[in-house]
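Visitor: I'm new to this one, so please pick a single part and take me through it slowly. A bit of the surroundings would help too.

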Amino acid sequence: MDAKTPNGERRHITIKLWPPSQNTRQMLVERMTNNLSTPTIFTRKYGSLSTAEATKHAKRIEESAFSSANQHYEHEPDGDGSSAVQLYARECSKLILDVLKGDSRTEEKEITKSEVDSAFQETFFDISKGQRAFIDEKEAKMLLSPLQDPGNSYTKICFSNRSFDLGAANVAGPILASIKNQLKEVDLSDFVAGRPETEALDVMRIFSEALEGSHLQYLNISDNALGEKGVRAFGKLLKSQTSLEELYLMNDGISKEAAQAVCELVSSTEKLRILHFHNNMTGDEGAIAISEILERCPSLEDFRCSSTRVGSDGGIALTEALAKCRNLKKLDLRDNMFGVEAGLKLSEALHKHVNLTEIYLSYLNLEDDGAIAIANALKESAPSLGVLEMAGNDITAEAAPGLAALISEKKSLVKLNLSENDLKDEGAIQIIKALGEDHDQLKEVDMSQNSLTTSTKKLAEALVHLPGFKLLNVNGNFISEEDINELRSIFKECPDKLGPLDENDPEGNDFDDKEGGDEDEGSQDELEEKLKKLDVNEDN
């Protein structure tokens with residue numbers, strides 16, 4: 001989520017769920033030990049283990065699950081880690097059951113498991129760990145030597161976070177060319193940092209020529225300040241790909257010209273499922289080029305074009321192209337300058353996206369008209385929507401009925417972010433009513449910086465008893481000291497579920513309200529009456 005500093009700039013604040021602390025991991029080991037060694041429905045069916053044996057298995061299970069989840073998280077390091085946490089939990093549950101069923105109790109099975117783990121490790125060659133470092137010819141020969149082993153089975157390589165000079169690239173080129181036919185995933189993100197432009201472009205060309213004709217499913221060339229020259233330096237690699245499923249071009253200086261070059265070079269997109277263009281200077285004309293790529297992506301499931309300086313014209317082009325991507329599950333257009341007109345066009349496209357599970361539309365200048373149109377569209381589609389973010393869009397109470405109707409329909413909602421709008425208590429009341437209706441999967445709600453006062457208590461009461469709920473953020477509002485104490489009292493059994501309140505202004509006033517005089521006092525009395533009648537309980 002974003003917060004505003006005193007000078008009006010946005011300060012990005014992200015709640016990271018991954019990785020878990022060492023203490024959390026140890027607590028999980030202890031819990032699994034207990035599950036394996038004490039009477040439960042599963043130990044009664046399959047038999048329990050001794051405490052010593054259970055502890056040994058619990059440690060191994062946790063380490064295996066952590067490794068799998070951590071590798072998953074490294075593919076999406078900019079996310080909050082929630083999907084990694086879910087994978088971590090699923091893997092632990094699965095392996096516990098495997099142990100109880102006897103699948104990994106015997107020494108023979110332990111050896112088999114070890115061999116499987118070893119085989120998996122040998123398919124992934126990764127030199128990205130640790131601090132960023134420069135690589136020269138001598139070090140490249142040493143680091144990359146395992147790739148020259150006869151009969152190696154590496155299918156995934158990650159050279160990220162290592163800056164190759166020309167000598168190192170000349171070492172890497174022939175090695176990569178010799179194994180390119182077995183490679184499926186290549187990560188070359190941030191691999192020329194600090195190099196002069198001429199050298200960096202030469203390094204890119206060497207890697208591109210070495211990997212030309214490979215059959216990659218995954219390619220990440222983010223964080224390389226490519227620009228058009230860099231994109232064209234990768235031209236032979238990009239043009240030769242016919243099986244790409246994932247392509248990442250984030251933080252690459254993708255200008256209008258660079259976007260047009262990508263459109264020209266990435267011609268085979270029938271299998272593309274994931275396309276990310278985050279944090280570039282694409283602009284409207286660049287967005288139009290990207291929209292041409294989208295029109296050739298019938299299998300696209302995950303599209304990200306956030307923080308790319310796209311205005312209304314570019315937004316309209318993107319949304320019209322997205323209407324053809326009928327398999328879309330995740331859409332992230334945050335932090336652009338779409339405006340109302342592009343928002344209305346986006347709503348037309350969203351009617352066709354029945355598979356959407358996550359949508360990120362914060363800071364798009366949608367205003368009430370755009371927000372209402374999008375809410376109405378999502379209400380009729382996206383039955384499994386789990387994440388809805390519409391922060392910083394100048395949304396007022398006028399759009400609240402439409403948003404409330406949408407939220408009420410989406411029982412799978414896990415995360416809701418409506419921060420940095422102007423809903424006030426009047427709009428919040430309607431959102432609260434919608435949240436009180438069987439949203440058992442809800443984990444996080446952000447209503448910070450919405451000029452809220454007394455409605456925050458009812459919001460807290462609506463959420464605190466939800467079984468999986470983790471965090472309520474109502475910071476930066478106009479909550480009185482008395483109501484702050486009541487909020488803390490509501491969360492007294494789980495204080496970690498209430499976010500910080502250090503930016504709240506107990507004496508805050510909306511300037512528009514001051515002009516209303518007695519009329520506004522009457523409105524406030526009416527609002528308080530509505531709040532009294534708003535009942536939320538654990539059964540809802």
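Guide: Happy to. Accessible area here comes from the Shrake-Rupley method with a 1.4 Å probe. On that basis the protein exposes about 24700 Å², and carbon and sulfur atoms supply 47% of it. Keep in mind that you're looking at a predicted model. There are 540 residues, 51% of them buried, and the protein has 21 helices and 17 strands. Take the contacts with a separation of 6 or more: 84% of them link residues 24 or more positions apart.

Now for our part, helix H13, which runs over residues 312-322. This helix is mostly covered, with eight of its 11 residues buried. Start at Gly 314, Gly 315, Ile 316, Ala 317, Leu 318 and Thr 319, which are all on the buried list, then add Ala 321 and Leu 322. What do the buried residues of H13 pack against? Two of the partners are helices, H12 (283-294) and H14 (339-350). The others are strands, S11 (302-304) and S12 (330-332).

For contrast, have a look at helix H15, residues 367-380, where you'll find Glu 367. Glu 367 counts as partly exposed because its relative accessibility is 40%, and buried would mean under 20%. Together with Asp 369, Asp 394 and Glu 398, Glu 367 forms a negative surface patch. So back to H13 for a last look: eight of its 11 residues are buried because each has under 20% relative accessible area.

Methods:
Residues numbered from 1 in each chain as written. Predicted model: local features only at pLDDT ≥ 70, side-chain atom pairs only at ≥ 80, totals over all residues. Heavy atoms only, no water. Patch = residues over 30% accessible without salt bridge, like charges linked within 9 Å, V, L, I, M, F, W, Y side chains within 5 Å. Salt bridge = Lys/Arg side-chain N within 4 Å of Asp/Glu carboxyl O. Lys, Arg positive; Asp, Glu negative; His and termini not counted. Charge placed at Lys NZ, Arg CZ, Asp CG, Glu CD. Helix = DSSP H or I, 4+ residues; strand = E, 2+ residues; numbered from the N terminus. Buried < 20%, exposed > 50% of the residue type's maximum accessible area, 1.4 Å probe, protein only. Contact = heavy atoms within 4.5 Å.
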